[in-house]
Number of protein chains: 2
Amino acid sequence: MSDRLSGATRLFPIIGDPIRYVESPTRLTRTFAQRDHNGLCVPMQVPAGDLDVVMAGLTAALNVDGILVTMPHKFTAFAHCATSSERARMLGVVSVIRRNPDGTWHGDMLDGLAFVKAQRDHGAQLEGARVLLVGAGGAGSAIAIALLEAGVGELVIHDADESRVATLLKLVDDLGRGRVSAGPPDPTGCDVVCNATPLGMDDGDPLPVDPALLTSAMFVGDVIAGHGVTPFLAAAQAAGCRTANGGHMVEAAQDVMADFLLLTADAAEG
Amino acid sequence: MSDRLSGATRLFPIIGDPIRYVESPTRLTRTFAQRDHNGLCVPMQVPAGDLDVVMAGLTAALNVDGILVTMPHKFTAFAHCATSSERARMLGVVSVIRRNPDGTWHGDMLDGLAFVKAQRDHGAQLEGARVLLVGAGGAGSAIAIALLEAGVGELVIHDADESRVATLLKLVDDLGRGRVSAGPPDPTGCDVVCNATPLGMDDGDPLPVDPALLTSAMFVGDVIAGHGVTPFLAAAQAAGCRTANGGHMVEAAQDVMADFLLLTADAAEG
């Protein structure tokens with residue numbers, strides 16, 4: 001995957017702690033190779049208190065074209081970006097950073113986009129759709145923004161913690177333009193159902209939505225990665241739904257990240 | 001070569017400017033793989049004025065187990081090492097740095113060792129040998145120390161700049177214990193002849209030693225890399241000498257560096 005590793009290789013570190021289980025070094029590097037770009041995603045284990053000193057070092061290293069940001073740095077890295085996307089500013093979070101032409105950093109939050117791409121890649125029709133989103137935490141908030149940007153017609157948001165829903169509704173008020181509301185986890189009448197809660201990570205978790213309410217016309221997506229087909233998605237498939245799992249989201253993320261990172265990286269390579 | 005690239009990969013950046021032509025990312029990474037170590041040597045382009053900020057960042061990144069140092073940082077990086085080898089302190093130069101158990105850096109200067117290993121790998125017998133070394137600059141100084149450490153019996157040093165020879169003689173006075181002297185570039189009576197000047201880099205360079213004075217019993221080594229068999233080595237081979245070229249030195253350097261870097265890196269991997 002990195003047979004092109006040489007002195008001319010461009011670097012895209014992923015910073016986080018812990019770092020040893022991240023998949024981007026393998027996956028994103030492979031995506032770069034598929035795009036014929038001599039780029040390497042390398043893991044960097046950066047404790048929470050050391051973000052500033054590491055960012056300063058990476059900023060000074062001229063062949064570092066971009067940075068992937070994972071926990072615990074997603075919030076704090078935002079402050080290192082001179083510019084950012086609107087969705088990153090709304091959330092105060094960045095998942096990925098690339099160089100501006102002047103060497104400063106431009107941040108974006110692509111987790112929601114990756115989720116949306118995974119749904120579309122597996123057959124979801126989002127434009128004008130009625131969507132139930134269960135989970136209004138970090139992942140759910142990013143996905144809500146991405147779904148609205150993707151042109152869904154109506155977005156119903158549920159979270160067991162109602163204050164989270166209220167916060168998210170306020171956050172997407174402008175973007176939503178009357179399309180967003182709070183509601184129960186009832187998919188009746190929805191075209192697309194999205195799980196953005198951690199339910200499905202552990203054996204014996206309750207399902208985020210009652211599967212008896214799913215019908216075969218619905219598309220069902222899940223953020224849970226690394227667990228294959230979750231019990232919720234298995235139930236959705238049994239109901240005849242098409243589905244996309246968290247692994248598909250991780251897969252889609254590589255393309256979304258490469259699109260973002262190579263937009264200026266190629267220009268910098270000369 | 002880096003099929004094992006993952007979140008668990010240990011990093012060994014090579015810092016320098018320019019960086020795109022360095023071969024260590026390819027070669028040292030391959031050597032790590034041959035030793036079944038999940039380590040990656042990645043290029044980092046670090047301008048002269050940015051060494052401090054980059055070193056601070058790399059120090060904070062916990063999966064950075066070592067650093068290779070090339071121009072323009074070989075002198076300045078020395079100050080970042082809490083501990084160092086005697087030869088590094090003699091020269092005030094480091095070519096490679098690894099972690100101490102407390103996370104600080106230990107520096108060494110391995111260029112001379114790599115040269116010595118290349119000579120031995122190609123048949124040179126150094127213990128007790130009479131050696132002519134032409135060139136008393138940075139490379140020559142490192143080689144002089146390594147030859148003395150390797151147990152040569154007598155070392156004659158020549159440089160067109162006599163002040164360099166005087167400085168080097170003073171530097172190795174303790175180590176040399178009467179074995180070292182200044183002399184003309186005349187190999188008569190020598191067992192080993194070493195070129196540590198840049199002669200041979202450019203077409204039309206004069207030869208560092210008159211090849212008419214070489215005999216088949218002599219071993220002849222050259223530091224010039226990337227130029228294959230130099231005119232000097234071609235003349236030596238024509239005289240029946242066994243030889244080692246700069247490419248062999250670069251090759252030997254990978255093993256010497258891996259030996260040094262993995263001494264504590266393996267312990268840190270757990």
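Two strands count as paired when DSSP finds at least two bridges between them, and the model discussed here is a predicted one.

Me: In strand β7 of chain B, which residue is the bridge partner of I67(B)?
Reply: Strand β5 of chain B, residues 66–69, pairs with strand β7 of chain B, residues 96–99, in the antiparallel sense, over three bridges. Within that pairing, the residue of β7(B) that serves as bridge partner to I67(B) is I97(B).

Me: Which residue of β5(B) does I14(B) stand opposite?
Reply: Strand β2 of chain B, residues 14–16, runs parallel to β5(B) and is joined to it by two bridges. In β5(B), the residue that I14(B) stands opposite is L68(B).

Me: Are the residues on the two faces of strand β5 of chain B buried or exposed?
Reply: A residue is called buried if 20 or more other C-beta atoms lie within 10 Å of its own. On one side of the strand G66(B) and L68(B) meet this description, and on the other side I67(B) and V69(B) do as well, so that by this cut-off both faces are covered and the four residues are all buried.

Me: Which strands lie at the edges of the open sheet of chain A?
Reply: The open sheet of chain A has six strands with mixed pairing, in the order β4-β2-β5-β7-β8-β6. Each edge strand pairs on one side only, and these strands are β4 (43–45) and β6 (83–84) of chain A.

Me: Which residue of β8(A) does V96(A) stand opposite?
Reply: Strand β7 of chain A, residues 96–99, and strand β8 of chain A, residues 105–108, run antiparallel and are joined by four bridges. Opposite V96(A), in β8(A), stands D108(A).

Me: How many residues of helix α4 of chain A are buried?
Reply: Helix α4(A) spans residues 111–121 and is mostly covered. Its buried residues include L113(A), F115(A) and V116(A), with the charged D111(A) and K117(A) also among them. Out of its eleven residues, the number buried is nine.

Me: Which element of chain B gives the most to the side that touches chain A?
Reply: In the contact between the chains, 34 residues of chain B meet 34 residues of chain A. On the chain B side, α1 (24–34), β4 (43–45) and α2 (51–60) each supply at least two residues. With six residues, the element that gives the most is α2(B).

Me: How many nonpolar residues has the side of chain B that touches chain A?
Reply: That side, which takes in 34 residues of chain B, can be divided by class. Four of its residues are charged and nine are polar, while the number of nonpolar residues is 21.

Definitions and conventions:
Residues are numbered from 1 along each chain as its sequence is written. Chains are lettered from A and ligands numbered from 1 in the order in which they are written. This is a predicted model: local features need pLDDT of at least 70, side-chain atom pairs count only at pLDDT 80 or more; totals for chains, interfaces and linings use all residues. A residue is buried if 20 or more other C-beta atoms lie within 10 Å of its own, exposed if 12 or fewer, and partly exposed in between; C-beta atoms are placed from the backbone. Two residues are in contact if their C-beta atoms, placed from the backbone, lie within 7 Å.
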